[in-house]
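Let's take a walk through a protein model together. Have the structure open beside you and turn it as you read.

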Amino acid sequence: MLETILRCPMCGSEAQHSRFDAVPDFVFHATDEHWSVNQCETCESLFLVNRPSVDEIGRYYERYYTHENETGTPSISGISVQSGIAKKLANSWRNHKYGSERPSLNGLGVAAALAIPPLRGWIDAECRHLPTKTPSGKPLRVLDVGHGDGRFLKFVKEIGYEASGLEIDPKAVEQARAEQLDVHQGDIDAATSIWGDGYFDYITLSHVIEHVHDPRHVIGTASRLLKPGGKLWIECPNPNAQGLAYYGARWRDLDPPRHLCIPSLKALRMVAKEHGLNFDEQHRRPFVPFEVYPFSATASGQSAKSGYARAAWAELVGPIRPQRREWLTLTFIKPIS
């Protein structure tokens, strides 16, 4: 059953205009249906006008990527290098910053990360900008909502933090539990009964907020689960991304019907503030255009090579045009008083 959405899911405004009509599922090809995307004129968020209901959304994930484990295909929603020198290079900085003990290039890799800021920025984003310590000196309590295969939680546990996860996909929960991770099946509402309000120091929503039917509720619940001084980390596509201007209805991160609402920076800051969270920082995740543009180019009938060329330009101007970055990578903080 499809729902018709008349108001923006982020700000509630009825002021909107049609952005794209009759968009197919060109990413995972889970359905032959077509979708309409509107843009809110108040907060600039994108959202599906005809979207699957909560009861029906599951069938559009049957070909989704979250069942891959660490030996499988790298994630489509994050540039996760799985082997070779690049992985050891990334591990060098992780080991240096967080005290993990993964196979690395040791000092050589640390020197490379220090000398190449985009490389260091990418690794920090993969680690979701985790703090290296808490004011109390106690291990950080981290909740990953929508943990997928548990790769991030495995790292959190490895560096001595308390790692907990929530996931609605039973297969992903089973896979994470096989890695001896503390995960539970359910959405964020389950966390209040499992752990209670004010329990966590750090909550991450990595490419989750665009998938949920009520993003305002998710942010509000995350705020309640945080301790005073705790942080909420959110990463999602940017509805004002340069890639959307290039590729329109074939921009990969449009991804209908799984991306129900792609919130803007303005909307996220507004909703977070309404729920008692202060804006902390907009982080830069380098290299994302190299993942998004080639796919978008081929979906648009262009060559992947042209996508790489555009990605190179986007990467060059990214530091001075944060409003046009492909993804929003943000942290919010819950005031102590």
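Before we go anywhere, a word on names: helices and strands are DSSP runs, of at least four residues for a helix and at least two for a strand, and they are numbered from the N terminus. Also keep in mind that this is a predicted model.

## The big sheet

Let's start with an open sheet of seven strands. Going across, the order is β8-β7-β6-β9-β10-β13-β12, and the pairing is mixed. Which strands stand at the edges? They are β8 (182-185) and β12 (278-283), and each has a single partner strand, so one side of each has no neighbour in the sheet. On average, neighbouring strands are turned by 20 degrees against each other, if you ignore direction.

Now look at some of the pairs. Strand β6 (residues 141-145) and strand β9 (residues 200-206) run parallel, joined by three bridges. One spot to find there is L143, whose bridge partner in β9 is I203. Further along, β10 and β13 run antiparallel, with seven bridges between them. In that part of the sheet, E235 sits opposite T329 of β13.

On its other side, β13 pairs with β12, again in the antiparallel sense, over five bridges. Here E281 is the residue facing T331 in β13. How much of β13 is covered? Mostly, it is: six of its seven residues are buried. As a handy rule for any sheet, side chains in a regular strand alternate between the two faces.

## Helices on the sheet

Two helices to look for here are α7 and α9. Strands β6 and β9 are in contact with helix α7 (residues 215-225), and so is β10 (226-237), as this helix packs on the sheet. The direction of α7 makes about 150 degrees with that of β10.

Helix α9 (residues 265-274) packs on the sheet too, touching β10, β12 and β13 (327-333). Compare its direction with that of β13, and you get about 20 degrees.

## Two helices that meet

How do people describe two packed helices? They give the angle between the axes and the distance between the axes. Try that with helix α10 (residues 288-299) and helix α11 (residues 304-317): their axes come within 7 Å and cross at roughly 145 degrees. The crossing of α10 and α11 is right-handed.

Who touches whom? On the α10 side, the contact residues are V288, P289, F290, Y293, P294, A297 and T298. On the α11 side, you'll find A304, S306, G307, Y308, R310, A311, A312, A314 and E315. Sort the residues of this contact by type and you get 11 nonpolar, three polar and two charged.

## Cysteines without a bond

A disulfide is a covalent bond between the sulfur atoms of two cysteines. How many disulfides does the structure hold? Zero. C43 is in none, and its nearest cysteine sulfur, that of C8, is 3.6 Å away. That doesn't count as a disulfide, because the two sulfurs would have to be within 2.5 Å.

C261 tells a similar story: the closest cysteine sulfur is in C8, 5.4 Å away, and that is too far for a bond. Are these cysteines buried or exposed? C43 is buried, with a relative accessible area of 1%, and C261 is buried as well, at 2%.

## Loops worth a stop

Next, some loop residues. H207 is in the loop between β9 and α7. This residue has a positive phi of about 50 degrees although it is not a glycine. With a relative accessible area of 8%, H207 is buried.

F287, in the loop between β12 and α10, is another non-glycine residue with a positive phi, near 75 degrees. Its relative accessibility is 27%, so F287 counts as partly exposed.

For a glycine, go to G148, in the loop between β6 and α4 (151-158). G148 is buried, with a relative accessible area of 8%. Along the chain, G148 and G196 are 48 residues apart, and their C-alpha atoms are separated by 22 Å.

Last stop: the loop between α8 (242-247) and β11 (261-262), where P257 has its place. The peptide bond from P256 to P257 is cis, with omega near 5 degrees.

Conventions:
Residues are numbered from 1 along each chain as its sequence is written. This is a predicted model: local features need pLDDT of at least 70, side-chain atom pairs count only at pLDDT 80 or more; totals for chains, interfaces and linings use all residues. Side-chain values use heavy atoms; hydrogens and water are left out. Axes are lines fitted to C-alpha atoms, for helices over the stretch in contact, and angles run from 0 to 180 degrees between N-to-C directions. A crossing is left-handed if the near helix is turned anticlockwise from the far one by less than a right angle, and right-handed if clockwise. Contact means heavy atoms within 4.5 Å. Ala, Val, Leu, Ile, Met, Phe, Trp, Tyr, Cys and Pro count as nonpolar, Asp, Glu, Lys and Arg as charged, and the others, Gly among them, as polar. Two strands pair if DSSP finds at least two bridges between them. Buried means under 20% relative accessible area, exposed over 50%, partly exposed in between (1.4 Å probe, protein chains only).
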